[in-house]
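Me: I am a first-year student and would like to understand the interior of this protein chain. Could you please take a close look at that one part and explain how it is put together?

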Amino acid sequence: MVCTYFMIVGKNDNPIYETELIDQKLSSEKAQLKQFILHAALDPVEELMWGTTNLTSFQSESAQTSAELSSSYLKTVDRFNDFFITAYVTPGYIKFLLMQDFRQEDNTKTFFNDVYELYLKVLLNPFYRPGGPITSQAFDTRVKGLLKKHF
């Protein structure tokens with residue numbers, strides 16, 4: 001069974017957006033477990049963000065796009081049973097978290113860059129309040145399409 005769960009978390013650790021891509025429906029107990037696992041993974045993300053190998057080390061590497069220059073892909077930050085949690089932090093300290101039951105570093109980095117571009121388009125919307133929940137159906141459809149494309 002393939003299980004991929006994606007969440008965008010704001011500066012104050014508030015959930016901004018979440019979606020999932022699974023083959024079978026999980027019970028509501030397991031659905032809540034996914035949220036708990038990702039929120040628990042915020043601690044290692046914060047440590048990596050503010051540690052000695054923070055965003056500046058990523059920015060010094062050669063990058064191909066402006067999104068890669070200004071954001072930090074933190075790779076696998078935590079593991080819970082069979083799930084791998086990878087993270088991406090934007091320059092505004094918005095955290096993208098992805099929980100998967102398999103590991104694919106190359107596709108994950110590309111997925112995060114693509115979602116970051118979509119997120120920037122949402123920020124350009126004058127009716128969106130930064131840090132608020134993303135309720136756009138178009139955004140949801142595009143993120144789910146990216147999940148299917150990359151995983």
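Reply: **The interior of the chain**

Of the contacts in the protein chain with a separation of 6 or more, 58% join residues 24 or more positions apart; contact here means heavy atoms within 4.5 Å. The structure is a predicted model, in which local features need pLDDT of at least 70 and side-chain atom pairs count only at pLDDT 80 or more, while totals for chains, interfaces and linings use all residues. Residues are numbered from 1 along each chain as its sequence is written, and side-chain values use heavy atoms, with hydrogens and water left out.

The chain contains six helices and five strands. These are DSSP runs numbered from the N terminus: helices (H or I) have at least four residues and strands (E) at least two. Read from the N terminus, the elements follow the order β-β-α-α-α-α-β-β-β-α-α. Of the 151 residues, 42% count as buried, that is, under 20% relative accessible area (over 50% is exposed and anything in between is partly exposed, with a 1.4 Å probe and protein chains only).

The framework of the interior is a sheet. Its five strands make an open arrangement in the order S2-S1-S5-S4-S3, with antiparallel pairing; two strands pair if DSSP finds at least two bridges between them. S2 and strand S3 (72–80) stand at the edges, each with a single partner strand, so one side of each has no neighbour in the sheet. From one strand to the next, the twist averages 15 degrees. S3 and strand S4 (residues 83–89) are joined in the antiparallel sense by seven bridges, and Asp78 stands opposite Ile85 in S4.

Helices pack on this sheet. H5 touches S1, S2, S3, S4 and S5, and its direction makes about 140 degrees with that of S5. H6 touches S1, S2 and S5, and its direction makes about 45 degrees with that of S2. Such angles run from 0 to 180 degrees between N-to-C directions, and the axes are lines fitted to C-alpha atoms, for helices over the stretch in contact.

Next come the nonpolar cores. A nonpolar core is a set of buried Ala, Val, Leu, Ile, Met, Phe, Trp, Tyr and Cys residues joined through side-chain atoms within 4.5 Å. The largest has 24 residues, of which Phe6, Ile8, Phe96, Phe111 and Ile134 touch the most other members. At least two residues of this core come from each of strand S1 (3–9), strand S2 (15–22), strand S5 (95–100), helix H5 (105–123) and helix H6 (137–150). H5 gives the largest share, seven residues. Leaving out residues up to four places away in sequence, Ile134 touches Ile8, Ile16, Tyr17, Tyr119, Val122, Tyr128 and Phe139. Another core, of 16 residues, lies apart from this one and includes Tyr5, Val77, Ile85 and Leu97.

Aromatic rings also meet in the structure, which holds 13 aromatic pairs. Rings of Phe, Tyr and Trp (its six-membered ring) pair if their centres lie within 6.5 Å; planes under 30 degrees apart count as stacked, over 60 as edge-to-face and the rest as tilted. The ring centres of Phe6 and Phe96 are 5.9 Å apart and the planes stand at 75 degrees, so this pair is edge-to-face. Because Phe6 lies in strand S1 and Phe96 in strand S5, the pair ties together parts that are 90 residues apart in sequence. Phe6 counts as buried, at 0% relative accessibility, and Phe96 counts as buried at 0% too. Phe96 also pairs with Phe112: their ring centres are 6.5 Å apart and the planes make 40 degrees, so the pair is tilted. This pair links strand S5, which holds Phe96, to helix H5, which holds Phe112, and so ties together parts 16 residues apart in sequence. Phe112 is buried at 0% relative accessibility. One aromatic cluster includes Phe6, Phe96 and Phe112, and among its other members are Tyr17, Phe111, Tyr119 and Phe139.

Asp140 may be added to this picture; it lies in helix H6. With a relative accessible area of 15%, Asp140 is buried. Beyond its neighbours within four places in sequence, Asp140 is in contact with Tyr17 and Thr19. Asp140 and Tyr17 are 123 residues apart in sequence, yet 8.7 Å apart in space, C-alpha to C-alpha.

Finally, confidence deserves attention. pLDDT is the predictor's confidence in each residue, from 0 to 100. The chain has a mean pLDDT of 80, and 79% of its residues reach 70 or more. Confidence is highest in H6, at 93, and lowest in helix H4 (residues 66–70), at a mean of 46.
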